[in-house]
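The following note sets out, in numbered points, what may be read from the coordinates. It is intended to be consulted alongside the sequence and the structure.

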Amino acid sequence: MHNWFECKVSYENLEENGMQKKVIVLAVAGALAAPAAAMAQSNVQMYGNIYMEYSFVRQGTATNGTDATNPDVLQTPGSAIGFKGEEKLGGGMSTWFQCESTADYRGTNGEGFCTRNSAIGLKGSFGNVFVGVWDTPHKRTQLNTGARDTGIFGSAFLLSGNSTTTTDGASTGVFKRRQRNLISYDSPNFGGFQVMGAFTSTNSSTATPAANVGAKPRIWSLGASYKAGNLDVGAGYEQHDKMYNANGAGVFAGDGQGWHLGASYKFGSVKFGGTYTHQEGDPAAGANAEVKAWQLGAEWKISGPH
């Protein structure tokens, strides 16, 4: 058997005279036996991202004519800690895994282990096939120049109805999804061009009567991107089948669909970009809801620690 887990943390300290070096190494390895050659092919990395946002929101006048509460909000959008590893199988193929969890240092978010982008996969010259909870191709190809997706002033809600982890058969109007029970495929990169596709299983239908027209809700998602030099282009389409009233007792189970197109270009240290999104759905029999949104943005990467 191969050794999957091998983690090293090191610390180096150079003395003032530059001659002595103190090294502390902590190594933790899995107890699985493996030939030395096989162990050399495996690696596991620990990574993370911490972001803190403290905001004040002036909400104006409430519907009853009184002043609404103006809260100050502490958030940790996108903060995460994760582990990922890959093992070469030979012939240009490798197997990989990733387990990413929310790192909420406020102690507010109670999400469990591996609740963010987490999967196991197999990749090679054919592309990358993986299964888990992961951002859909529609989400991964949507450009967001000059803004954060989440947070109190995040643009994901305005452009795509929110950005969150969702279950198949839930959150119908959300088109920027980190989707559970997702089966994904990414093509190889062809001169900067890549296509992606994914669909969900129908786990949510296990407790739903077969007579319910929405017994098998499913997500279909497609994306394409092109990156060459300073140019970045992204497009995506997503279909939400049998999502409205999918797990309820009602007989109606409407569909939803959305698409986006965006591009950005970098001039020196400044990048300009824009995105257009379109979503629509059938929330009730004989009803149709439609939302169109667009964004223009710029990013200026100042040299130094800024």
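1. At 0% relative accessibility, H138 counts as buried. The residue belongs to helix 2, which covers residues 137–140. The model under discussion is predicted, and the values quoted for H138 and for other residues should be read accordingly.

2. The surroundings of H138 deserve a separate remark. Its side chain reaches the backbone oxygen of F175 at 2.8 Å. Leaving aside residues up to four places away in sequence, H138 touches F175, S221, L222, G236, Y237, E238, G258, W259 and H260. F175 therefore appears both as a polar partner, through its backbone oxygen, and in the list of residues touched, where the cut-off is heavy atoms within 4.5 Å.

3. For the chain as a whole, the model contains 3 helices and 17 strands. Of the 306 residues in the chain, 37% are buried. Among contacts with a separation of 6 or more, 52% are between residues 24 or more positions apart. The chain exposes about 17400 Å², and carbon and sulfur atoms supply 59% of that area.

4. Strand 6 (residues 80–90) and strand 7 (residues 93–102) run antiparallel and are joined by 10 bridges. The two strands form a hairpin with 2 residues between them. In the turn, G91 has a positive phi of about 65°. Within this pairing, E86 has W96 of strand 7 as its bridge partner.

5. How many disulfides does a search of the whole structure find? The search returns 1. This disulfide joins C99 to C114, with an S to S distance of 1.8 Å. C99 lies in strand 7 and C114 in the loop between strand 7 and strand 8 (118–124), so the disulfide ties together parts that are 15 residues apart in sequence. The torsion about the S-S bond is about -100°, and the disulfide is therefore left-handed.

6. The cysteines of this pair are assigned to separate accessibility classes. C99 is buried, with a relative accessible area of 7%, whereas C114 is partly exposed at 26%. The threshold that matters here is that buried means under 20% relative accessible area.

7. Backbone torsions at two positions merit inspection. Most residues other than glycine have a negative phi. C114, although not a glycine, has a positive phi of about 60°, and this residue lies in the loop between strand 7 and strand 8. N162 is also a residue other than glycine with a positive phi, in this case near 125°. N162 is placed in the loop between helix 3 (156–160) and strand 10 (164–166), and at 32% relative accessibility it counts as partly exposed.

8. The same search strategy applied to charged side chains gives 9 salt bridges in the whole structure. One of them pairs R116 with E100, the closest N and O atoms being 3.2 Å apart. R116 lies in the loop between strand 7 and strand 8 and E100 in strand 7, so this pair ties together parts that are 16 residues apart in sequence. Both R116 and E100 are buried. The loop between strand 7 and strand 8 is thus linked to strand 7 by the C99 to C114 disulfide and by the R116 to E100 salt bridge.

9. Where do the partners of the salt bridge between D135 and R178 lie? D135 lies in strand 9 (residues 127–135) and R178 in strand 11 (residues 177–186), so the pair ties together parts that are 43 residues apart in sequence. The closest N and O atoms of this salt bridge are 3.8 Å apart, which is within the 4 Å cut-off. Both D135 and R178 are buried.

10. Salt bridges that share partners join E86, K88 and K123 into one network. Within it, the side chains of E86 and K88 meet at 3.2 Å, N to O. E86 counts as buried at 17% relative accessibility, while K88 is partly exposed, with a relative accessible area of 45%. E86 accordingly takes part in a salt bridge with K88 through its side chain and has W96 as its bridge partner in strand 7.

Methods. Residues are numbered from 1 along each chain as its sequence is written. This is a predicted model: local features need pLDDT of at least 70, side-chain atom pairs count only at pLDDT 80 or more; totals for chains, interfaces and linings use all residues. Side-chain values use heavy atoms; hydrogens and water are left out. Two strands pair if DSSP finds at least two bridges between them. Helices (H or I, at least four residues) and strands (E, at least two) are DSSP runs, numbered from the N terminus. A disulfide is a pair of cysteine sulfur atoms within 2.5 Å. Buried means under 20% relative accessible area, exposed over 50%, partly exposed in between (1.4 Å probe, protein chains only). Accessible areas come from the Shrake-Rupley method with a 1.4 Å probe; for residues, only the protein chains shown count as cover. A polar contact is a pair of N or O atoms within 3.5 Å; within protein, one must be able to donate a hydrogen and the other to accept it, and residues adjacent in sequence count only if both atoms are side-chain atoms.
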